[in-house]
Amino acid sequence: MKVNGQATRTIWLAEDAESVEIIDQTKLPHLFEIVRLTTLAEAAHAIEVMLVRGAPLIGATAGYGMWLAMRQDSSDAGLLTAYERLFVTRPTAVNLGWALDSARARLSPLPPPDRAAAALALAAAICEEDVAINRGIGVAGLPVIQALAAKKTKGGPVNILTHCNAGWLATVDWGTATAPIYMAHDAGIQVHVWVDETRPRNQGASLTAWELGNHGVPHTVIVDNAGGHFMQHGQVDMVITGTDRTTAAGDVCNKIGTYLKALAAQDNGVPFYVGLPSPTIDWTIENGVRDVPIEERAAEEVTRMTGRLDDGGIATVLITPENSPAANPAFDVTPARLVTGLITERGIAEPSVEGLAMLFPDRIR
Ligand code: MRU
């Protein structure tokens, strides 16, 4: 997508061909800063502290992290160390394990001197595949928005609610939830996006709003608690979110608060869709509530907020009593029964074992 009119991805090989560059997403929307990653430690740190985030981008960064690691130490021990270091950075997004397993399978049989080049080729391939997959999700999801637009006999935009950031910043390009939205907008369909702020880290308010604004897509930021109200008043035509891990039975794990939106959507007859790239499907589990590991992040993300002061400075402030404890589960699971459809690169799947198996017969275990 474009930043200041220039086509930009979220991760790319630096000009020196010896490092990787990323956008520091902790600084957005107030500062657009590019950070260079040169070592395994830097790549792992970037994922952990969420300079990069979003399931597909975490996977892509892990791919490049393996390359940086192989440049430092391509021995069998180096390979294992890199795998284990990156694997523990963030536990919920299954794309991480998928990228690392792919790298290990590709690199292990090779002689150590050949591993760095192979890791770089794999990381680049993961990125290209992500872009193609997300474009496919856009193509598959566009007819849903077109159909909703056709029903608007009195005119007005198709109102779409989204949670967190499943936009291009969460992927290499296009985004998952946002791909159909960008395609609809580019095709001249009137869309308007309700952007959940997404406490505690505010990926909606900071990131989704920023990227939609850059692309000229009309949007309104709302507090997390407002979605149900807008649904009750007929102001939401569909919900579309991303996912960090979807089970073989279609249970969707995504940013904390997604489940509440799905409940409200069902109560109000609003269709609830999920943009689902196939690498985000965990074919080894069916019951998401029981089996998806939920990342617990620092209490400070709840007790403090960061923003821009009127003088332009960035400040972090405490918003709770000093001694109040806080809990911070980063994700929740929306059971398949609350999901209308899983928009994948191969089309829209019914959220069930059969629905996913029908689209991905080559992947089921
Ligand atoms: O904690 P984050 O910002 O990594 O969480 C991101 C999400 O929950 C996204 O919705 C998900 O990764 C899908 S990204 C296309």
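The following questions and answers concern the ligand site and some backbone features of a predicted model.

Reader: What kind of model is this, and what pLDDT do local features need?
Author: Residues are numbered from 1 along each chain as its sequence is written, and side-chain values use heavy atoms, with hydrogens and water left out. The model is predicted; totals for chains, interfaces and linings use all residues, side-chain atom pairs count only at pLDDT 80 or more, and local features need pLDDT of at least 70.

Reader: Which residues come nearest to the ligand?
Author: A residue counts as near if one of its heavy atoms lies within 4 Å of the molecule. There are 19 residues around the ligand, and those that come nearest are Ala 55, Arg 90, Gln 203, Asn 254 and Lys 255.

Reader: How many Å separate an oxygen atom of the ligand from an N or O atom in the side chain of Lys 255?
Author: A polar contact is a pair of N or O atoms within 3.5 Å. Gly 54 has a polar backbone atom 2.9 Å from an oxygen atom of the ligand, and a polar side-chain atom of Arg 90 lies 2.8 Å from a ligand oxygen. For the side chain of Lys 255, the value is 2.7 Å.

Reader: Which classes of residue form the shell around the ligand, and how many belong to each?
Author: Ala, Val, Leu, Ile, Met, Phe, Trp, Tyr, Cys and Pro count as nonpolar, Asp, Glu, Lys and Arg as charged, and the others, Gly among them, as polar. By these classes, the shell has four charged, eight polar and seven nonpolar residues.

Reader: Which domains each give at least three residues to the shell around the ligand?
Author: Domain bounds come from an automatic or database domain assignment. At least three shell residues come from each of domain 1 (2-129) and domain 2 (139-359).

Reader: Where is Pro 29, and where is Pro 200?
Author: The bond from Leu 28 to Pro 29 is cis, with omega near 5°, and the bond from Arg 199 to Pro 200 is cis, with omega near 10°. Helices (H or I, at least four residues) and strands (E, at least two) are DSSP runs, numbered from the N terminus. Pro 29 lies in the loop between β4 (20-23) and β5 (34-37), and Pro 200 in the loop between β7 (191-196) and α7 (203-215).

Reader: What is the phi of Asn 4?
Author: Most residues other than glycine have a negative phi. Asn 4 is in the loop between β1 (2-3) and β2 (6-7). Although Asn 4 is not a glycine, its phi is positive, at about 50°.

Terms used: Polar contact = N/O pair within 3.5 Å; in protein donor to acceptor, adjacent residues only side chain to side chain.
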